[in-house]
Amino acid sequence: MVGSPIRRAQRRSRGLLGLFFVILALYTLKNFLPALLWGCVFAIASWPLYRRTERRFGRTEWLPMIFTAVIALIFLVPLSLVGVKAAEEAQSALHWIDTVRHTGIPMPAWLNELPFERVQVARWWQNNLVNPEHLNRLFHSVDAGHGMAFTRQITSQVARRATLFLFSILTLFFLLRDGADIIHRVLVVSNRTFGQRGETLARQIISSVHGTVAGLVLVGLGEGFVMGIAYVLTDTPQPLLFALLTGVAAMIPFLGLPTVILAALLILMQGKMIAAIIVIALGSIVIFVADHFIRPALIGGSTQMPFLWVLLGILGGVETWGLLGLFLGPAIMAAMHLLWRIWSADRIDSSDEEAVHNREKR
């Protein structure tokens, strides 16, 4: 009896000491936490396929390396294509600027077909863009110093993103290689700390990541593929580049339509009004169906979450965490939704709790 208060004090001290070192470790790694979180997202998303592959071909040291390389190429190949196309477009833009400084920008024929403000727009174009002297004054008004500062900032951001991506890939490799042991230890810690409901909560978070990958990434890429076909058929400038941009933008709900409108405007500037209308109409239909029917079924269905919670998690997560919030936001909301269901239940006895646990596990 004398030692019992001492042991309780020692347990509290050990808990405080452990919490202190956890906070200290998080503070030490604060600049690399996004990379670690991205690695965890990649590992959770690819883990079911990795386990099926491992059961079929056996556990080898090469398997996590191959999976890591494939996932890295999935990101690097589109980014390389976009970079090459952007460099080509930048060179073409510089050549075009040099040309129009001497010749001006001729007024396109489609301006005469505008349904409103046709005369005013044509007069403004004639006064400001057709005359090369006005264009030269416009170009000289741009401060070159700001351009150099912007270039340095872009270079710094690219280097930082590349470093974080490298650490994300390294994290993914080690999580795949040691995934079984990590999962076992996480479940042991969860059961010791939170009991059986801790594992249920963790499975809910993992289900939300799987649903988010399917509902955001795969659906967004599907939208980009469909619109890419439309861009090719309507002779859109740089259809591959716009297909990639549409796919990436469409991963965030309601953000794919501005890219489609931009592509339609470029088609309209070529004098193809019917093709531009077709692109906008098809893009609106595809994005509406994906955002209102397919995504809610994939994301909400995997976590039994209402679509409003999913949408708030996505948009709030992006606003708070950036692109990483696409996955963190729904995961946080999935955990809150599960806690709400547990706390608001009338009564859950041990058998009911086990049924809930088994349902979540399936």
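What is the volume of the largest pocket? About 2000 Å³. Keep that pocket in mind; we will come back to it. One caution before we go on: this is a predicted model.

Let's start with the whole chain. It has 362 residues. There are 14 helices and 0 strands. So read from the N terminus, every element you meet is an α. Buried residues make up 30% of the chain. The chain exposes about 23000 Å². Carbon and sulfur atoms supply 70% of that area. Now the contacts. Take those between residues at least 6 apart in sequence: 71% of them join residues at least 24 apart.

Back to the pocket. How many residues line the largest pocket? The lining has 50 residues. Look for W38, F42, F75, L79 and L323, which lie nearest its centre. What kinds of residue make up the lining? The split is 39 nonpolar, 9 polar and 2 charged. Several helices contribute. α2, α3, α6, α8, α9 and α13 each supply at least two residues of the lining. On your screen, α2 is 33-57 and α3 is 62-103. Then α6 is 144-177, α9 is 239-249, and α13 is 325-344.

Next, two helices along the chain. Helix α7 covers residues 179-194. With 16 residues at 1.5 Å a residue, α7 should span 22 Å. Its end C-alpha atoms are 22 Å apart, so the span agrees with the expected value. After α7 comes G195, with a positive phi near 85 degrees.

Then α8, residues 196-233, one of the helices that supply the pocket lining. How many residues does helix α8 have? It has 38. From first C-alpha to last, α8 reaches 55 Å. The expected figure is 56 Å, so to speak a close match. α8 is followed by D235, and its phi is also positive, near 60 degrees.

Last stop: a single residue, T259. Find T259 in helix α10, residues 256-269. Is T259 buried or exposed? Buried, because its relative accessible area is 13%, and the cut-off for buried is under 20%. What does T259 touch, leaving aside residues up to four places away in sequence? The list is Y231, F242, L245, T246 and A249. Y231 falls within α8, residues 196-233. F242, L245, T246 and A249 fall within α9, 239-249.

That's the tour. Questions, please.

Note on methods: Residues are numbered from 1 along each chain as its sequence is written. This is a predicted model: local features need pLDDT of at least 70, side-chain atom pairs count only at pLDDT 80 or more; totals for chains, interfaces and linings use all residues. Side-chain values use heavy atoms; hydrogens and water are left out. Helices (H or I, at least four residues) and strands (E, at least two) are DSSP runs, numbered from the N terminus. The expected span of a helix is 1.5 Å times one less than its number of residues. On a 1 Å grid over the protein atoms alone, a cavity is a set of points where a 1.4 Å probe fits but cannot get out, and a pocket is an open set with protein on both sides within 12 Å along at least five of seven lines; lining residues have an atom within 4 Å of a point. Grid points are joined across faces, edges and corners, and a volume is the space filled by probe spheres set on the points. Ala, Val, Leu, Ile, Met, Phe, Trp, Tyr, Cys and Pro count as nonpolar, Asp, Glu, Lys and Arg as charged, and the others, Gly among them, as polar. Buried means under 20% relative accessible area, exposed over 50%, partly exposed in between (1.4 Å probe, protein chains only). Contact means heavy atoms within 4.5 Å. Accessible areas come from the Shrake-Rupley method with a 1.4 Å probe; for residues, only the protein chains shown count as cover.
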